[in-house]
Amino acid sequence: TIAAQHEVQGLLTTLENGNARVTARFPGLVRRLHVNVGDQVRAGQALATIESNLSLSTYTVSAPIAGTVLARDASVGQSISEGAALYEIADLSRLWVDLHVFGRDAEHLAPGSPVTIRRLGDGTMAETKIDRILPGTATASQSTVARATLDNSDGQWRPGSAVRAMVTVSLDEVGLMVPLTALQEDEGQDVVYVREGDVYSARKVALGRREARKVEVLSGLKAGELVVVEQSYTVKADIAKSGATHEH
């Protein structure tokens, strides 16, 4: 099967229930700050020591959740008021992906639609599904927002990052397909490299529909043929040196 997909832009954000703004309970003087931006903290861990103006004794401000320190808004020796912001902490083990969809494309999206996320820059990919379509529209862009949840337990994704996403809206059966990694270009033609015994040869192919990782082959290949799908550029270079085919 080949997926019919819509390409959309997205933005990674922290979950609302995974965000905590840590504030001072009473006015006073900041005597000590125990953690810095980027530190991992556990729930209940001491974050700051404040000398209260009311009692002239110190009290400790603790982390309400486990997570990563995103911001530190105070400094040692600073006089702060009640409710003053000290830290911002977020649980980054899961992130929201807010996908911005324009016009009638939004009609094709629904909760449960598979989504392939691609990070700009290095092309790192991840799979998820749309959780919900938000009821309003994004004020600035006037787009419909489809929200998905991204597993970030390995810490590879950062809130605030822009991503591209392919949303699958249907699956169509095709007669033949290959991974996109099999494709090379030779004199302006799409080719793949086929192995027959110990010989590799370039085969021109006509292509049809494509998705994030696969492409339909209309002609040039037969089912069951062995096709190079990794490091095909190496085979291409060897064939260019030795002729039309290359014995390996």
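Biologist: Hi! Quick one to start: in E13, which residue is the bridge partner of Ile133?

Modeller: Hello! That partner is Ala146. Keep in mind that this is a predicted model.

Biologist: Good to know. How many bridges join E12 to E13, and which way do they run?

Modeller: There are 4 bridges between E12 and strand E13, which covers residues 144-151, and the two run antiparallel. Together E12 and E13 make a hairpin, with 6 residues between them.

Biologist: What stands out in that turn?

Modeller: Look at Gln142, which has a positive phi of about 55°. Gln142 sits in the loop between E12 and E13.

Biologist: Is Gln142 buried or exposed?

Modeller: Exposed: Gln142 has a relative accessible area of 55%, and the label applies because the cut-off for exposed is over 50%.

Biologist: And where is Gln142 relative to Thr124?

Modeller: They are 18 residues apart along the chain, and their C-alpha atoms are separated by 28 Å.

Biologist: What does E12 do with E11?

Modeller: Strand E11 (residues 114-119) and strand E12 (residues 125-137) run antiparallel, joined by 5 bridges. If you want a pair to click on, Val115 stands opposite Thr128 in E12. E11 and E12 form a hairpin too, with 5 residues between the strands, and there Gly121 takes a positive phi near 110°.

Biologist: So what do these strands build in the end?

Modeller: A barrel. Its 6 strands close up in the order E1-E10-E13-E12-E11-E14, with antiparallel pairing. From one strand to the next, the twist averages 40°.

Biologist: How many bridges join E1 to E10?

Modeller: The count is 6, between strand E1 (residues 2-14) and strand E10 (residues 94-101), and they run antiparallel. One pairing to look for is Thr13 with its bridge partner in E10, Trp96.

Biologist: Now the open sheet. What is its strand order?

Modeller: The order is E6-E5-E3-E8, so four names to follow, and the pairing is antiparallel. At the edges are strand E6 (58-62) and strand E8 (79-80), each of which pairs on one side only. Further in, strand E3 (residues 28-33) and strand E5 (residues 46-52) pair over 5 bridges. Val30 has Ile50 as its bridge partner in E5.

Biologist: What is odd about Leu56?

Modeller: Leu56 has a positive phi of about 60° although it is not a glycine. You will find Leu56 in the loop between E5 and E6, and at 64% relative accessibility it counts as exposed.

Biologist: What about Glu187, what is its phi?

Modeller: Glu187 has a positive phi of about 55°, and it is not a glycine either. Glu187 lies in the loop between strand E16 (184-186) and strand E17 (189-196). With a relative accessible area of 77%, Glu187 is exposed.

Biologist: Changing topic: is Glu216 buried or exposed?

Modeller: Buried. Glu216 has a relative accessible area of 10%, and the label fits because buried means under 20%. Glu216 lies in strand E20, residues 214-219.

Biologist: Which residues does Glu216 touch?

Modeller: Leaving aside residues up to four places away in sequence, Glu216 touches Ile2, Val174, Leu176, Met177, Ala206, Leu207, Gly208 and Arg209.

Biologist: Last topic, pockets. What is the volume of the largest one?

Modeller: The largest pocket has a volume of about 260 Å³. It is lined by 17 residues, and those closest to its centre are Gln40, Thr68, Leu92, Trp157 and Arg158.

Biologist: What is the make-up of that lining?

Modeller: The lining residues divide into 7 nonpolar, 8 polar and 2 charged. Strand E7 (residues 67-72) gives the largest share of the lining, with 4 residues.

Biologist: Which strands does E7 pair with, then?

Modeller: Strand E4 (residues 40-41) pairs with E7 in the antiparallel sense over 2 bridges, and the partner of Val41 in E7 is Gly67. E7 also pairs with strand E9 (residues 85-90), again in the antiparallel sense, over 4 bridges. There, Val69 has Ile89 as its bridge partner in E9.

Biologist: Great, thanks!

Note on methods:
Residues numbered from 1 in each chain as written. Predicted model: local features only at pLDDT ≥ 70, side-chain atom pairs only at ≥ 80, totals over all residues. Heavy atoms only, no water. 1 Å grid on protein atoms, 1.4 Å probe; cavity = no way out; pocket = protein on both sides within 12 Å on 5 of 7 lines; lining within 4 Å. Points joined across faces, edges and corners; volume = space filled by probe spheres on them. Nonpolar A, V, L, I, M, F, W, Y, C, P; charged D, E, K, R; others polar. Pairing = 2+ DSSP bridges. Axes fitted to C-alpha atoms, helices over the stretch in contact; angles between N-to-C directions. Buried < 20%, exposed > 50% of the residue type's maximum accessible area, 1.4 Å probe, protein only. Contact = heavy atoms within 4.5 Å.
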